Amino acid sequence: MLRSARSVRRLRPVPPRPPARRNVDHDISQSPDGATLTALRRFLLILLAVSFPGTLAELVLLGHTEDTLQFVPIVLLAVGFLVVVWHWLVHSRLSVRVLQGTMIAFVISGGVGVFFHFKGNIEWELEGDASMGGFLLFREAMMGAVPSLAPGTMALLGAVGLVYAWRHPALRL
């Protein structure tokens, strides 16, 4: 008995669909280290989510709004908080990449901020004593009215975010 081509197609088994992966953060590996890594990632993300509004409030309360460049960390902190919340809700490859890009901007802004704070302190010190130079000028600029290393907080937050995103499970999909 011969079968038609149409009936043969119906008899072929349909391959099963792979299961949907909603929350890749919980599917790191089957090893005991997977649970530890998931907990550390979660802690780092919570640390960022708490640090961004706190640092933002500090900058606003200190009046870090005198110049256009002073708004850069304020905007970055607000954007960073929104990106962290979005990533917490979505856990997608795109959200990890956007988080990485935002954290790179944090690191860059921290370095640029240290430069501007230090430069402003040097100018301030030279206005008071134009003959100052060398290590004395460096020391006075580092200990000046504007904290020279305070923008390093932005770089540190960026580094924490980059450590969180390093080899993130969502990037393996």
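Helices here are DSSP runs of H or I with at least four residues, and strands are runs of E with at least two, numbered from the N terminus. With that in hand, welcome to a few exercises on this predicted model.

**Exercise 1: The overall plan**

Find out how many helices and strands the protein chain has, and which pattern they follow along the sequence.

*Solution.*
- Step 1. Count the elements: the protein chain has six helices and zero strands.
- Step 2. Read along the sequence, and the pattern is α-α-α-α-α-α.
- Step 3. Look at the contacts with a separation of 6 or more: 66% of them join residues 24 or more positions apart.
- Step 4. Turn to the surface. Of the 173 residues, 30% count as buried. The accessible surface is about 11,700 Å², and carbon and sulfur atoms account for 68% of it.

**Exercise 2: The largest nonpolar core**

Work out which residues of the largest nonpolar core touch the most other members, and which elements give two or more residues to this core.

*Solution.*
- Step 1. The core has 21 residues, and Phe52, Leu77 and Phe106 are the ones that touch the most other members.
- Step 2. Two or more residues of this core come from each of H2, H3, H4 and helix H6 (152-165).
- Step 3. Take a closer look at phenylalanine 52. Leaving out residues up to four places away in sequence, Phe52 touches Leu77, Gly80, Phe81, Val84, Met103, Phe106 and Leu157.

**Exercise 3: A threonine in H2**

Decide whether threonine 55 is buried or exposed, and list what threonine 55 touches beyond four places in sequence.

*Solution.*
- Step 1. Locate threonine 55: its place is in helix H2.
- Step 2. Compare its accessibility with the cut-off. Buried means under 20% relative accessible area, so threonine 55, at 14%, counts as buried.
- Step 3. Its contacts beyond four places in sequence are Leu77, Thr153 and Leu157.
- Step 4. Consider one of these partners, threonine 153. Threonine 55 and threonine 153 are 98 residues apart in sequence, and their C-alpha atoms are 8.5 Å apart in space.

**Exercise 4: A nonpolar patch on the surface**

Establish which helices supply at least two residues of the nonpolar patch, and where its largest share comes from.

*Solution.*
- Step 1. Gather the members: Ile46, Val50, Phe81, Leu82, Val85, Trp86, Trp88, Leu89, Val90, Leu94 and Val98. Together they have about 990 Å² of accessible area.
- Step 2. Assign them to elements. Helix H2 (32-61), helix H3 (71-90) and helix H4 (93-128) each supply at least two residues.
- Step 3. The largest share, seven residues, comes from H3.
- Step 4. Check one member, leucine 94, which lies in helix H4. Exposed means over 50% relative accessible area, so leucine 94, at 53%, counts as exposed.

**Exercise 5: Charges, paired and unpaired**

Identify which side chains meet in a salt bridge, and what the nearest side chain of opposite charge to glutamate 125 is.

*Solution.*
- Step 1. Search the whole structure: one salt bridge is found.
- Step 2. Name its partners. The side chains of arginine 139 and glutamate 140 meet at 3.3 Å, N to O.
- Step 3. Test both partners for accessibility. Arginine 139, with a relative accessible area of 38%, is partly exposed, and glutamate 140 counts as partly exposed at 24%.
- Step 4. Now move to glutamate 125, which lies in helix H4. Glutamate 125 is buried yet has no salt bridge, and the nearest side chain of opposite charge, arginine 139, is 9.0 Å away.
- Step 5. Finish with its surroundings. Not counting residues up to four places away in sequence, glutamate 125 touches Met132, Leu137, Glu140, Ala141 and Gly144.

Definitions and conventions
Residues are numbered from 1 along each chain as its sequence is written. This is a predicted model: local features need pLDDT of at least 70, side-chain atom pairs count only at pLDDT 80 or more; totals for chains, interfaces and linings use all residues. Side-chain values use heavy atoms; hydrogens and water are left out. Patches are made of residues with over 30% relative accessible area and no salt bridge: like charges are joined within 9 Å, nonpolar side chains (Val, Leu, Ile, Met, Phe, Trp, Tyr) within 5 Å. Accessible areas come from the Shrake-Rupley method with a 1.4 Å probe; for residues, only the protein chains shown count as cover. A salt bridge is a side-chain nitrogen of Lys or Arg within 4 Å of a carboxyl oxygen of Asp or Glu. Buried means under 20% relative accessible area, exposed over 50%, partly exposed in between (1.4 Å probe, protein chains only). A nonpolar core is a set of buried Ala, Val, Leu, Ile, Met, Phe, Trp, Tyr and Cys residues joined through side-chain atoms within 4.5 Å. Contact means heavy atoms within 4.5 Å. Lys and Arg count as positive and Asp and Glu as negative; His and the chain ends are not counted.
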